[in-house]
Amino acid sequence: MSNKPIDREAWARFDIFEQMGNISSEVGRSIAAERRGNIKRRDAAIERALDLFDATQEQLVRERSPRLREVLYARNEYLRLFYDGTFDADAEALERYFNNFAIAARLRHERQGE
């Protein structure tokens with residue numbers, strides 16, 4: 001896990017499924033760290049996820065994409081998970097939501113022969 005900010009130019013080459021799928025990895029890491037009580041790893045994964053959310057948001061704003069609303073909502077729900085006292089009730093559902101993007105990105109790559 002790196003604290004280095006994401007390369008915005010490279011990130012912009014990913015489609016929304018790849019971006020959200022990558023965000024899913026950090027979401028999963030932060031949830032797993034929270035469950036283990038590893039606050040340092042949790043916070044690092046949250047920081048990385050937020051950088052990825054920000055990069056996605058910046059791109060969607062430039063494109064005037066209607067997907068911006070969903071990404072902002074997902075970011076808010078992700079943060080709420082850790083800071084609103086709803087972790088136990090919502091963590092599994094949020095993981096499923098993000099994992100669906102990772103699955104969709106993988107299926108798209110397989111269909112394209114990548």
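This short presentation covers three helix contacts and the cavity of a predicted model.

Good morning. I shall start with α2, residues 16-36, and its two neighbours.

The first neighbour is α3, residues 39-63. The axes of α2 and α3 come within 8 Å of each other and cross at roughly 160°. Angles over 145 degrees count as roughly antiparallel, so α2 is roughly antiparallel to α3. The crossing of this pair is left-handed. On the α2 side, the contact is made by Ile16, Gln19, Asn22, Ile23, Glu26, Arg29, Ser30, Ala33, Glu34 and Arg36. The residues that α3 contributes include Ile39, Arg41, Arg42, Ala45, Ile46, Leu52, Phe53 and Leu60. By class, the contact of α2 with α3 divides into ten nonpolar, five polar and seven charged residues.

The second neighbour is α4, residues 68-83. Here the axes of α2 and α4 come within 11 Å and cross at roughly 5°. The two helices are therefore roughly parallel to each other. From α2, the residues in contact are Ile16, Met20, Glu26, Val27, Ser30, Ile31 and Glu34. They meet Val71, Ala74, Tyr78, Leu81 and Phe82 of α4. This contact of α2 with α4 comprises nine nonpolar residues, one polar and two charged.

I now turn to the other side of the discussion of α4, namely its contact with α5, residues 87-112. The axes of α4 and α5 lie 9 Å apart, and the helices pack at an angle of about 145°. Their crossing is left-handed. From α4, Glu70, Ala74, Glu77, Tyr78, Arg80, Leu81 and Phe82 take part. Their partners in α5 are Phe87, Asp90, Ala91, Leu94, Tyr97, Phe98 and Phe101. The contact of α4 with α5 has ten nonpolar and four charged residues, and no polar ones.

Finally, the cavity. How many cavities of 30 Å³ or more does the model contain? The count comes to one, and the largest cavity has a volume of about 40 Å³. Its lining consists of Ile16, Met20, Arg67, Glu70, Val71 and Phe101. Which elements give two or more residues to that lining? They are α2 and α4. Of the lining residues, four are nonpolar, two are charged and none is polar.

Several of these names have come up already. Ile16 and Met20 of α2 and Val71 of α4 belong to the contact between those helices and also line the cavity. Glu70 and Phe101 take part in the contact of α4 with α5, and they too are among the lining residues.

Thank you. I would be glad to discuss any of these contacts.

Notes. Residues numbered from 1 in each chain as written. Predicted model: local features only at pLDDT ≥ 70, side-chain atom pairs only at ≥ 80, totals over all residues. Heavy atoms only, no water. 1 Å grid on protein atoms, 1.4 Å probe; cavity = no way out; pocket = protein on both sides within 12 Å on 5 of 7 lines; lining within 4 Å. Points joined across faces, edges and corners; volume = space filled by probe spheres on them. Helix = DSSP H or I, 4+ residues; strand = E, 2+ residues; numbered from the N terminus. Nonpolar A, V, L, I, M, F, W, Y, C, P; charged D, E, K, R; others polar. Axes fitted to C-alpha atoms, helices over the stretch in contact; angles between N-to-C directions. Parallel < 35°, antiparallel > 145°, perpendicular 65-115°, else oblique. Left-handed = near helix turned anticlockwise from the far one by under 90°. Contact = heavy atoms within 4.5 Å.
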